[in-house]
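User: I have a structure open and have not looked at it before. Can you walk me through it?
Analyst: Yes, go ahead and put it up.

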Amino acid sequence: EILLSMIAVTSKIKEPLVKDHRDLAEQVEQLGAGPNTGPVPKNEQVKEVALKMRELEKQIQAEDDVRDACISGLAKTTDEEAVKWLATAVLKSAVPSDRAAVAEVMGINRWPGAGAALEEMFAKEKESLVKLAICESFLRCGDKESVDTLGKALLDQAWQVRLAAIAALRKIGGKEPVGPLIEAFDKEKELRVKTEFAATL
């Protein structure tokens with residue numbers, strides 16, 4: 001319970017940091033495209049914003065490190081009651097960070113029936129955070145049975161989920177992922193994601 005509550009706290013702290021980082025990235029883009037006006041040279045303005053971005057990246061990484069440590073702690077849980085609680089009550093929790101944590105633990109520990117449970121979970125899930133965790137668990141498992149679900153993840157609205165699905169399909173390899181990858185590649189608009197599609201194919 002303590003580990004799960006810590007994960008929830010890191011998610012709350014990280015959310016505004018990520019938003020600020022995204023805003024600063026847009027600011028750099030605008031500065032690069034705009035004319036060189038004002039008393040401060042454009043390159044100095046870009047440098048100042050880049051330094052702020054670097055500081056935010058350190059803070060975001062610190063929160064990620066705490067979350068990873070919590071997940072690692074949960075994955076080392078061997079107590080039967082605790083594992084049963086994670087697999088039932090927490091998996092159905094209304095808190096997205098709880099569901100995401102359990103999805104990750106399922107992939108790390110490769111719980112019996114984890115693949116089928118994760119597929120069922122993905123079909124009902126609406127939160128990108130949890131979908132991302134499910135795709136990362138499929139990446140750890142590398143089972144061909146997950147290709148259909150990962151094919152749906154390739155069309156998800158969140159680019160992070162799409163990237164995670166591509167990585168999982170790359171690990172699975174073989175002929176099965178080719179069809180879903182080609183189909184989704186044609187619909188992809190983000191250049192970064194398109195590049196990953198191409199490399200994977």
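Analyst: One term before we start: a salt bridge here is a side-chain nitrogen of Lys or Arg within 4 Å of a carboxyl oxygen of Asp or Glu. Also keep in mind that this is a predicted model.

User: How far apart are Glu104 and Arg140 in their salt bridge, N to O?
Analyst: The side chains of Glu104 and Arg140 meet at 4.0 Å, N to O. Glu104 sits in helix H4 (residues 96–109) and Arg140 in helix H6 (residues 128–141), so the pair links distant parts of the chain, 36 residues apart.

User: Is Glu104 buried or exposed?
Analyst: Glu104 is buried, with a relative accessible area of 7%. Arg140 has 31% relative accessibility and counts as partly exposed.

User: Which residues are joined with them into one network?
Analyst: Arg67, Glu104 and Arg140 form one network, through salt bridges that share partners.

User: How many salt bridges does the count come to?
Analyst: The count comes to 11 salt bridges. Among them is the one between Asp23 and Lys19, at 3.1 Å from N to O.

User: Where are Asp23 and Lys19 in relation to each other?
Analyst: Both are in helix H1 (residues 2–33). They are four residues apart there, which means a separation of about one helical turn. Asp23 is partly exposed at 34% relative accessibility, and Lys19 is partly exposed at 46%.

User: Which residue does Lys187 meet in a salt bridge?
Analyst: Lys187 meets Glu183, side chain to side chain, at 3.8 Å from N to O. Glu183 counts as partly exposed, with 46% relative accessibility.

User: Let me step back. How many helices and strands are there in the chain?
Analyst: The chain has 10 helices and zero strands. Read along the sequence, the pattern is α-α-α-α-α-α-α-α-α-α.

User: What box do the C-alpha atoms fill?
Analyst: Roughly 65 × 45 × 25 Å, taken along the principal axes.

User: And what percentage of the residues is buried?
Analyst: Of the 201 residues in the chain, 37% are buried. As for contacts with a separation of 6 or more, 65% of them are between residues 24 or more positions apart.

User: Back to the helices. At what angle do the axes of H4 and H6 cross?
Analyst: The axes of H4 and H6 cross at roughly 5° and come within 8 Å. Angles under 35 degrees count as roughly parallel, and H4 and H6 are therefore roughly parallel to each other.

User: Which residues meet there?
Analyst: On the H4 side they include Pro96, Ala100, Ala103, Glu104 and Ile108. On the H6 side they include Leu129, Val130, Ala133, Ile134 and Arg140. Glu104 and Arg140 are the salt-bridge pair from before. The residues of this contact divide into nine nonpolar, three polar and four charged.

User: What about H6 and H8, at what angle do those axes cross?
Analyst: The axes of H6 and H8 cross at roughly 10° and come within 8 Å. H6 and H8 are therefore roughly parallel to each other. The contact includes Leu132, Cys135, Phe138 and Leu139 of H6, and Val161, Ala164, Ala165 and Ala168 of H8. Its residues divide into nine nonpolar, two polar and four charged.

User: Which residues touch the most other members of the largest nonpolar core?
Analyst: Ile134, Cys135, Leu150 and Leu154 do, out of the 41 residues in that core. Helix H8 (residues 159–172) gives the largest share, eight residues.

User: What does Leu150 touch?
Analyst: Leaving out residues up to four places away in sequence, Leu150 touches Cys135, Phe138, Ala165, Ala168, Leu169 and Ile172. Apart from the core around Leu150 lies another core, of seven residues, among them Leu24, Leu31, Val49 and Leu56.

User: Last one. Where is Pro16 found?
Analyst: Pro16 is found in helix H1. Pro16 is partly exposed, with a relative accessible area of 42%. Pro16 and Ile60 are 44 residues apart in sequence, and 9.8 Å separates them in space, C-alpha to C-alpha.

Methods
Residues are numbered from 1 along each chain as its sequence is written. This is a predicted model: local features need pLDDT of at least 70, side-chain atom pairs count only at pLDDT 80 or more; totals for chains, interfaces and linings use all residues. Side-chain values use heavy atoms; hydrogens and water are left out. A nonpolar core is a set of buried Ala, Val, Leu, Ile, Met, Phe, Trp, Tyr and Cys residues joined through side-chain atoms within 4.5 Å. Buried means under 20% relative accessible area, exposed over 50%, partly exposed in between (1.4 Å probe, protein chains only). Helices (H or I, at least four residues) and strands (E, at least two) are DSSP runs, numbered from the N terminus. Contact means heavy atoms within 4.5 Å. Axes are lines fitted to C-alpha atoms, for helices over the stretch in contact, and angles run from 0 to 180 degrees between N-to-C directions. Angles under 35 degrees count as roughly parallel, over 145 as roughly antiparallel, 65 to 115 as roughly perpendicular and the rest as oblique. Ala, Val, Leu, Ile, Met, Phe, Trp, Tyr, Cys and Pro count as nonpolar, Asp, Glu, Lys and Arg as charged, and the others, Gly among them, as polar.
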